[in-house]
Amino acid sequence: MSDRIVWADRVGSTQDIVHDLGADGAADGAAVVAGEQAEGRGSRGRAWQSPRGGLWLSVLARPANAAPAEALSVRVALYVAEALEAQGIPGVQLKWPNDLMLNGRKAGGILCEARWLGERLGWIAIGVGLNVANAVPPELRQQAMALAEVHPGMRPSDLALPIVQAVRAAAAVTSALDARELAGFDRRDGLAGRRVRSPVPGLAVGVAPDGALRIRRSDGVVELVRVGPAVAVSFQAD
């Protein structure tokens, strides 16, 4: 498996490189791991600081049919959390739709970007960014953390192959989330019971099989929220 990984010192964005590999016909599972990104990005096009010491990677997926977008993001996050646990980092929680949390602070994120060829899915670039041993800027330390804070000595090279393998395994499943995955998400759900302000006021009560966030309104009705270019979910501060 490791022979399909491109190891790079510094790149603009591993996502962009994987999209180029997809356009050039690279096989399913091809991956790019970088020591540093100059133009890393997160959800909704936001910049993602990607300094040396973190783990920045993307994997090319060519599924025969695509799982719902939210289901893929949730599944990748779940598999990555399980891989981190296997490497000695327990307690990783998931904040819908794509954040990896530890001790209430963000340690990483997932970004899934599909490219279509007409009506046919061409490929998906699945990005994972993890703060491992990189310094977190002082202004972000209340919201973000590095894994080395709880696992001293942890290095990006320790995690690269296990995380790539976890992403490949997650991408190979194209069905809706099954009972095991839903239960696994529930155990790690960092939003369970939190109050949502928008787009639907109510309480976060897990995810649906298609990965949509379930929000229980004050009248007891559960609505489903899905990620889109104009959708931003707002939560009340704890």
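## Residue D158 and its surroundings

D158 is partly exposed, its relative accessible area being 26%. In this predicted model, the residue belongs to helix α3. Its side chain reaches the backbone nitrogen of R155 at 2.9 Å. When neighbours within four places in sequence are set aside, D158 is in contact with Q87 and G153. D158 and V132 stand 26 residues apart in sequence, with a C-alpha to C-alpha separation of 9.8 Å in space.

## The seven-stranded sheet

An open sheet of 7 strands follows the order β1-β2-β3-β7-β6-β5-β4, and its pairing is mixed. Its edges are formed by β1 (5-11) and β4, each of which pairs on one side only. On average, neighbouring strands of this sheet are turned by 20° against each other, direction ignored. Within the sheet, β2 (residues 31-37) and β3 (residues 55-61) pair in the antiparallel sense over 4 bridges. V32 stands opposite S58 in β3.

Two helices lie across strands of the sheet. Helix α3 (residues 156-171) lies across β1, β2, β3 and β7, and runs at about 25° to β3. Helix α2 lies across β4, β5 (99-102), β6 (105-117) and β7 (120-130), with a direction of about 135° to β6.

## Helix α4 and its buried side

In helix α4 (residues 179-188), the buried residues are E181, L182, G184, F185 and R188. These residues are on the same side of α4 because they cover an arc of only 160° around the axis. The exposed residues A179 and R187 are carried on the face turned away from that buried side. The cover over the buried residues of α4 includes α2 (69-86), β4 (93-95) and β9 (202-207).

At the start of α4, a side-chain oxygen of D178 reaches to within 3.1 Å of the backbone nitrogen of R180. Farther along, the side chains of E181 and R75 meet in a salt bridge, at 2.7 Å from N to O. E181 lies in helix α4 and R75 in helix α2, so this pair ties together parts that are 106 residues apart in sequence. Both E181 and R75 are buried.

## Salt bridges around E36

The structure holds 12 salt bridges. D9, R10, E36 and R52 are linked in a network of such bridges. E36 forms a salt bridge with R10, in which the closest N and O atoms are 3.7 Å apart. Because E36 lies in strand β2 and R10 in strand β1, the pair ties together parts that are 26 residues apart in sequence. E36 also meets R52 in a salt bridge between their side chains, at 2.9 Å from N to O. This pair links distant parts of the chain, with E36 in strand β2 and R52 in the loop between β2 and β3, 16 residues apart.

The accessibilities of these partners can be set side by side. E36 has a relative accessible area of 19%, and is therefore buried under the 20% limit. R10 counts as exposed at 52% relative accessibility, while R52, at 45%, counts as partly exposed.

## The β10-β11 hairpin

Strand β10 (residues 213-216) pairs with strand β11 (residues 222-225) in the antiparallel sense over 4 bridges. The bridge partner of I215 in β11 is E223. This hairpin has 5 residues between the strands, and G220 takes a positive phi near 90° in it.

Note on methods: Residues numbered from 1 in each chain as written. Predicted model: local features only at pLDDT ≥ 70, side-chain atom pairs only at ≥ 80, totals over all residues. Heavy atoms only, no water. Buried < 20%, exposed > 50% of the residue type's maximum accessible area, 1.4 Å probe, protein only. Arc of directions from axis to C-beta. Contact = heavy atoms within 4.5 Å. Polar contact = N/O pair within 3.5 Å; in protein donor to acceptor, adjacent residues only side chain to side chain. Pairing = 2+ DSSP bridges. Axes fitted to C-alpha atoms, helices over the stretch in contact; angles between N-to-C directions. Salt bridge = Lys/Arg side-chain N within 4 Å of Asp/Glu carboxyl O.
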